[in-house]
Amino acid sequence: MTTTEPAKADYWFDSALTLDDIEPDRYRTEISTDRYTDPAVVQREHDTIWMKVWQVVGRADELTNTGDWKQYRLFDQSYIVVRGKDARLRGFVNACRHRGNVLCQEARGNAKRGFLCQYHLWSYDLAGNLKGMLREALAGPIDKDTHGLIEVPVDTFGGFIFLNPDPDAAPLAEFIGEEVATMLAPYHLDEMTTVMDVTEAIDCNWKVVMDAFNEGYHINGVHPQLLAVLNIQPETTRYKFYENHSIAMAPFDVVGATPEKQVEGTLALPETFPGTVAVIPRFQELVKEYTAEDGSIDFPDGVTARTLLQKATRAHLTDMGLDVSGLTDAQMSDNHGWFLFPNFMMTIRAGECHVILSRPHPDGDPNRCIWHVASYMYLPKEMADAFKVDLIEVDEPGSYKYFEALQQDYEQMQRQQAGLRNKGLDHMMLVKEEVVVAKFHDTVDRWMAGKGAR
């Protein structure tokens with residue numbers, strides 16, 4: 001068993017951009033507030049972004065059996081994703097080809113024998129083919145081969161199901177990008193188990209959610225408890241930008257803190273990152289080596305609470321039989337913030353990840369959205385079922401309590417939307433260290449100008 005970092009000369013962080021490397025005028029920092037409050041902007045986004053882009057609709061392990069299906073609603077559009085007899089996932093417009101009746105009204109179900117329209121009893125198999133019609137002999141000249149369900153592109157990446165309403169969309173692999181896929185592969189996202197899954201309508205624009213999770217500038221004001229362990233000094237953060245996506249990372253470290261304060265901050269991690277609970281006992285054992293009888297801690301050069309957390313994490317995951325050989329020591333401790341356009345925000349470290357999704361509210365109100373928060377853990381197969389949870393759909397606003405940092409964001413985002421609705425405020429101004437937010441809005445601009453889907 002090895003508990004040391006494998007050689008990784010190509011670790012992206014080592015050659016990534018710093019704030020000083022990013023030209024001041026690379027992205028626009030003055031953002032008009034009407035893009036958060038104007039119904040006309042909602043319609044433009046509907047046409048140029050949401051009906052054209054790949055978007056996450058769930059996890060592949062939600063649909064494991066033949067005939068398992070789930071509904072995905074986007075504004076007033078409805079789609080079905082179903083597992084076929086050939087084990088393939090397919091997506092269809094949720095409407096019968098006869099008179100347009102909705103086929104599936106529930107959120108999910110199983111249609112092992114196919115789909116049956118309750119209006120006039122037209123039936124379809126799991127591949128979308130029209131199989132039968134009521135009194136077919138009297139139906140007239142209807143070509144069954146050309147009147148199957150209307151298919152939309154569906155594919156998977158990292159265990160997530162993606163759907164694109166545009167039948168002419170470029171493949172998902174092309175949209176994600178080969179380099180992004182290669183960089184995320186060592187985390188084994190597709191093998192992770194859902195350990196938290198909550199969706200709720202909240203009172204803010206979908207972009208307010210993406211903005212909030214694409215910067216660490218708000219940590220001092222909103223998450224002061226994280227200052228004990230997260231180094232938010234802008235000069236330590238690194239960035240990498242793609243055509244549509246981005247990644248950013250600030251090391252989990254507190255520069256200049258005493259060993260005692262470093263350890264104290266690390267021991268508080270489970271309050272915000274529950275996945276660290278199992279690692280803490282081994283971390284404490286490693287700290288004992290440097291702890292005197294009076295409780296003082298003396299770390300030699302090269303040893304910090306962060307490096308001990310890395311060592312403990314690698315050992316813990318390896319002992320469970322999990323493959324973390326493709327990850328650096330930094331990836332044992334540090335949350336890497338991945339953003340996949342338009343609405344997928346993920347913080348990921350060895351063994352766990354947390355995902356934030358937001359999409360426009362179905363009623364088109366720019367001041368509301370549907371947010372979906374989920375956590376996933378990399379676990380041995382024999383443990384996965386014990387930790388797996390089902391989706392919680394929150395009906396009463398504020399009734400669900402998230403873990404501390406997420407609850408703080410939940411409350412803050414809705415406060416921001418209330419401020420953005422003020423007519424006297426025509427724009428907001430981003431600071432330099434909010435460059436990922438600026439990049440996101442630059443990508444929004446490009447898609448709304450019709451230059452996104454290529």
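**Notebook: helix packing, cysteines and backbone outliers**

I started with a helix pair and found that α7 passes α8 in a left-handed crossing. The model I am reading is predicted. By class, I count five nonpolar, two polar and no charged residues in the contact of α7 with α8.

**Entry: α7 and α8**

I looked up the geometry next. Helix α7 covers residues 259-267 and helix α8 covers residues 280-288. Their axes come within 11 Å and cross at roughly 165°. An angle over 145 degrees counts as roughly antiparallel, and α7 and α8 are therefore roughly antiparallel to each other.

Which residues of α7 meet α8? I noted V263, T266 and L267 on the α7 side. Their partners in α8 are I280, F283, Q284 and V287.

Then I checked the connection. V277 sits in the loop between α7 and α8. Is V277 buried or exposed? I have V277 as partly exposed, at a relative accessible area of 49%. I also took the spacing from V277 to L267: ten residues in sequence, and 8.9 Å in space from C-alpha to C-alpha. L267 is also one of the α7 residues that meet α8.

**Entry: α8 and α9**

I moved on along the chain to helix α9, residues 305-319. α8 packs with α9 at an angle of about 130°, and the axes are 8 Å apart. That angle falls outside the parallel, antiparallel and perpendicular ranges, so α8 and α9 are oblique to each other. I logged the crossing of α8 and α9 as right-handed.

On the α8 side I listed R282, F283, L286 and V287. On the α9 side I listed A305, L308, L309, K311, A312, A315, H316 and D319. By class, the contact of α8 with α9 has eight nonpolar residues, one polar and three charged.

I cross-checked two names. F283 and V287 meet α7, and F283 and V287 also meet α9.

**Entry: α2 and α13**

Here I paired helix α2 (residues 39-50) with helix α13 (residues 435-448). The packing angle is about 85° and the axes are 8 Å apart. That makes α2 roughly perpendicular to α13. From α2, I noted R44, E45, T48 and I49 in the contact. From α13, I noted V444, W447 and M448. The classes divide into four nonpolar, one polar and two charged residues.

**Entry: cysteines**

How many disulfides does a search of the whole structure find? I got zero. Two cysteines got a closer look. C117 is in no disulfide, and its nearest cysteine sulfur belongs to C96, 3.9 Å away. A disulfide needs the sulfur atoms within 2.5 Å. C117 is buried, with a relative accessible area of 3%. C204 is in no disulfide either; its nearest cysteine sulfur is that of C369, at 4.2 Å. I have C204 as buried, at a relative accessible area of 0%.

**Entry: T193**

I looked up T193 and found it in strand β13, residues 193-202. T193 is buried, with a relative accessible area of 6%. What is T193 in contact with, leaving aside its neighbours within four places in sequence? I listed S375, Y376, M377, L379, A384, F387 and K388.

**Entry: backbone outliers**

Most residues other than glycine have a negative phi, and most peptide bonds are trans. I went after the exceptions.

The peptide bond from F341 to P342 is cis, with omega near 5°. I placed P342 in the loop between β16 (336-340) and β17 (344-349).

F75 is not a glycine, yet its phi is positive, near 55°. I found F75 in the loop between β3 (68-74) and β4 (77-83). Is F75 buried or exposed? F75 counts as buried, at 6% relative accessibility.

L121 also has a positive phi, near 65°. I placed L121 in the loop between β7 (115-116) and β8 (123-124). L121 is partly exposed, with a relative accessible area of 39%.

How values were computed: Residues are numbered from 1 along each chain as its sequence is written. This is a predicted model: local features need pLDDT of at least 70, side-chain atom pairs count only at pLDDT 80 or more; totals for chains, interfaces and linings use all residues. Side-chain values use heavy atoms; hydrogens and water are left out. Axes are lines fitted to C-alpha atoms, for helices over the stretch in contact, and angles run from 0 to 180 degrees between N-to-C directions. Helices (H or I, at least four residues) and strands (E, at least two) are DSSP runs, numbered from the N terminus. Angles under 35 degrees count as roughly parallel, over 145 as roughly antiparallel, 65 to 115 as roughly perpendicular and the rest as oblique. A crossing is left-handed if the near helix is turned anticlockwise from the far one by less than a right angle, and right-handed if clockwise. Contact means heavy atoms within 4.5 Å. Ala, Val, Leu, Ile, Met, Phe, Trp, Tyr, Cys and Pro count as nonpolar, Asp, Glu, Lys and Arg as charged, and the others, Gly among them, as polar. Buried means under 20% relative accessible area, exposed over 50%, partly exposed in between (1.4 Å probe, protein chains only).
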